[in-house]
Structure formats: C-alpha cells, structure tokens
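Subject: The structure I promised you

Hi,

Here is the structure we talked about. Have a look around first, then read my notes below.

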Amino acid sequence: MASHFSSRQNRRRFLQSTALVGATALSTSLATESVWTQQQTTTATPVHSLPNLPYSYSALEPYIDAQTMELHHSKHHKAYVDGLNKAEAELAKARANNDFTLIQHWSRQAAFHGGGHFLHSLFWSIIADPKNGGGGEPTGILADKIKEDFGSYDAFKKHFTATAIAVEGSGWGLLHYRAQDKKLLILQAENQQKLSAWGTTPIMGIDVWEHAYYLKYQNKRADYVNAWWNVVNWKQVQSNLQALMH
Ligand code: MN3
C-alpha cells in the first residue's frame, strides 16, 4: 500500500528541517524580531523550523495517542526549534558584540535544543502507522547489518528495549551508526544531548521523556516502549543507514 510520502520524500523533508538554510529563508515571524533583523546584515545564521508530520496526529493510534502526538509535536518539539534559533542568535550576537559573558549558558542551550530538534525530527520520520509501513521487522541491508552487529534481530530488539526502558530520567534510546568502523551501536541519551559517543549518527530512536507517553501509559514506560515497536518504519531506518554507508 502506498504511503502518503515516499521514504525519499521523508528523508528530504527531514534533511530540510535540520539542514542549514541561508538568510533568505528567515521566517517572517522571526525576521520581524530585531535580533534577526540585525543579523541579516551581518551573518547568515541558520533558522530552523518545525517539520510537518507525514501523517495525522491520530495515525499512530492505539500505540501512540493523538493528544500526545499533537502536544509533543506542536508544543514540545516547537519549543526546541525556538530554543535552538534563540541560542544560535545569541551566539551570533556574542560574536558581533565580542561579549562572551554568557557563552556557557548559550552553548549549553544550543546543545540541548539542537539535540531536541534533531532527535524529534528523526523520531517522527522513523515511525508510521502499520498500514503505511510501520511495524514488522527490518529487511535487506538493515536486517543483515543488525544480524552482523548484534547476532540476531531478537537480541538487538531486547538490547534496544532494555536500553530505552533504563534511561535515567528524561532521554532517548538510540540506534547509531558509526562510520569509522562501520558499526551499529545502541546508546542512551539523557535529556537531548548527553551520553553520546563521538563520530556516531542516530538512525533510529525512541523518545522516553514522560511527555512522549504519560497521557496514555502513565508510569508504565516499558508498555510504551513495547507498543512503539508496532510503528517503527524500518524502510526509513534503512534509508538513514544507507545514507551514511555511502
Ligand atoms: Mn520529546
């Protein structure tokens, strides 16, 4: 069955949402703010925007409820986009003014909100309702790579599930690809940015902040993680892997 969007379109949208864009793409609302108006004349500071979802908020029912999806996308993710734009604008302002008094604060904000924007963009792109490619098991190159690096899909799934459930506080379970030695690895992230290794790129991830599941699953994070497997879009995960392998 045809999905609303091909994986190529999903990937392009994801890349557009996370890629650096020039000053000509400044959004109207941000461009009206004085800080951005100032920057247009001095820098080409990238402006990030909230990506559209390739499905409706209710598409992932009953695994992820519509209210959670709407709040998560339109409020939480939006806050990370705004926070990242703010942090990068403040860093540009610090350079322009040669005033680095608050450099630690804005550097931390850039990492936190930048991580939030990247990971949520990834998260939306690698889930789909079961009628449009969600669920099942990986095939092709991705399946082969999982078997090579984890022994079996079952071992991988157990490892990933345990990793996600065990995140302390707010964070993520992530499958990374490390190009240096061509390995898949499973890591946690606390908040949006801590506990990563270097030189790795997440190709799949589950948000285990309470805002991602609490309305439906309350304190039962394990139930949410187990339900989430029913909506993983393996074709998109494989596309993410292939893009890094070349
Ligand atoms: Mn979240």
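Let's start with a loop residue: at 44% relative accessibility, Leu195 counts as partly exposed, because that value falls between the 20% and 50% cut-offs. You'll find Leu195 in the loop between strand 2 and strand 3. Its backbone is worth a click, since Leu195 is not a glycine and still has a positive phi of about 75 degrees. Keep in mind that this is a predicted model.

Lys182 does something along those lines: this residue isn't a glycine either, and its phi is positive at about 55 degrees. Look for Lys182 in the loop between strand 1 (171-178) and strand 2 (183-190). Is Lys182 buried or exposed? With a relative accessibility of 54%, Lys182 counts as exposed.

One more backbone detail: the peptide bond that runs from Glu61 to Pro62 is cis, and its omega is near 0 degrees. Pro62 belongs to the loop between helix 3 (34-40) and helix 4.

Now the overall layout. The protein chain has 10 helices and three strands. Going from the N terminus, the order of elements is α-α-α-α-α-α-α-β-β-β-α-α-α. The chain has 246 residues, and 46% of them are buried.

Next, the metal. Which protein atoms are the donors of the manganese ion? They are His72 (NE2), His120 (NE2), Asp207 (OD) and His211 (NE2), at 1.9 to 2.2 Å from the ion. Along the chain, these donors follow the spacing H-x47-H-x86-D-x3-H. His120 sits in helix 5 and Asp207 in strand 3 (residues 200-207), so this pair ties together parts of the chain that are 87 residues apart in sequence. Both His120 and Asp207 are buried.

While you're at helix 5 (residues 103-125), find Ser121, which is part of that helix. Ser121 counts as buried because its relative accessibility is 3%, and the cut-off for buried is under 20%. A polar atom of the Ser121 side chain lies 2.8 Å from the backbone oxygen of His117.

Helix 5 also meets helix 4 (residues 66-97): their axes come within 8 Å and cross at roughly 145 degrees. That crossing is left-handed. Sorted by class, the residues in this contact are 13 nonpolar, 12 polar and two charged.

Strand 3 has a residue to look at as well, namely Thr200. Thr200 is buried, with a relative accessible area of 13%. Its side chain is joined to the side chain of His176 by a polar contact of 2.8 Å.

Then there are the aromatic rings. How many aromatic pairs are there? The count comes to 17. Take Tyr153 and Phe156: the ring centres are 6.0 Å apart and the planes stand at 40 degrees, so this pair is tilted. Both residues lie in helix 7 (residues 153-165), and they are three residues apart, which is about one turn of the helix. Tyr153 and Phe156 are both buried. For Trp228 and Trp229, the ring centres are 5.2 Å apart and the planes are at 65 degrees, so that pair is edge-to-face. These two tryptophans, Trp228 and Trp229, are buried too. If you want to see a group of rings at once, select Phe150, Tyr153, Phe156, Phe160, Trp228, Trp229 and Trp234, which form one aromatic cluster.

Last stop, the far end of the numbering. His246 lies in the segment after helix 10 (234-245). With a relative accessible area of 82%, His246 is exposed. What is the separation between the C-alpha atoms of His246 and Ala179? They are separated by 9.5 Å, while the two residues are 67 residues apart along the chain.

That's my tour. If you'd like a place to begin, try the manganese ion and its donors His72, His120, Asp207 and His211, then go on to the aromatic cluster that includes Tyr153 and Trp228.

Cheers

Conventions: Residues are numbered from 1 along each chain as its sequence is written. This is a predicted model: local features need pLDDT of at least 70, side-chain atom pairs count only at pLDDT 80 or more; totals for chains, interfaces and linings use all residues. Side-chain values use heavy atoms; hydrogens and water are left out. Helices (H or I, at least four residues) and strands (E, at least two) are DSSP runs, numbered from the N terminus. Buried means under 20% relative accessible area, exposed over 50%, partly exposed in between (1.4 Å probe, protein chains only). A polar contact is a pair of N or O atoms within 3.5 Å; within protein, one must be able to donate a hydrogen and the other to accept it, and residues adjacent in sequence count only if both atoms are side-chain atoms. Axes are lines fitted to C-alpha atoms, for helices over the stretch in contact, and angles run from 0 to 180 degrees between N-to-C directions. A crossing is left-handed if the near helix is turned anticlockwise from the far one by less than a right angle, and right-handed if clockwise. Ala, Val, Leu, Ile, Met, Phe, Trp, Tyr, Cys and Pro count as nonpolar, Asp, Glu, Lys and Arg as charged, and the others, Gly among them, as polar. Donors are N, O and S atoms within 2.8 Å of the metal (3.2 Å for Na, K and Ca); water is not among the atoms, so sites may look incomplete. Rings of Phe, Tyr and Trp (its six-membered ring) pair if their centres lie within 6.5 Å; planes under 30 degrees apart count as stacked, over 60 as edge-to-face and the rest as tilted.
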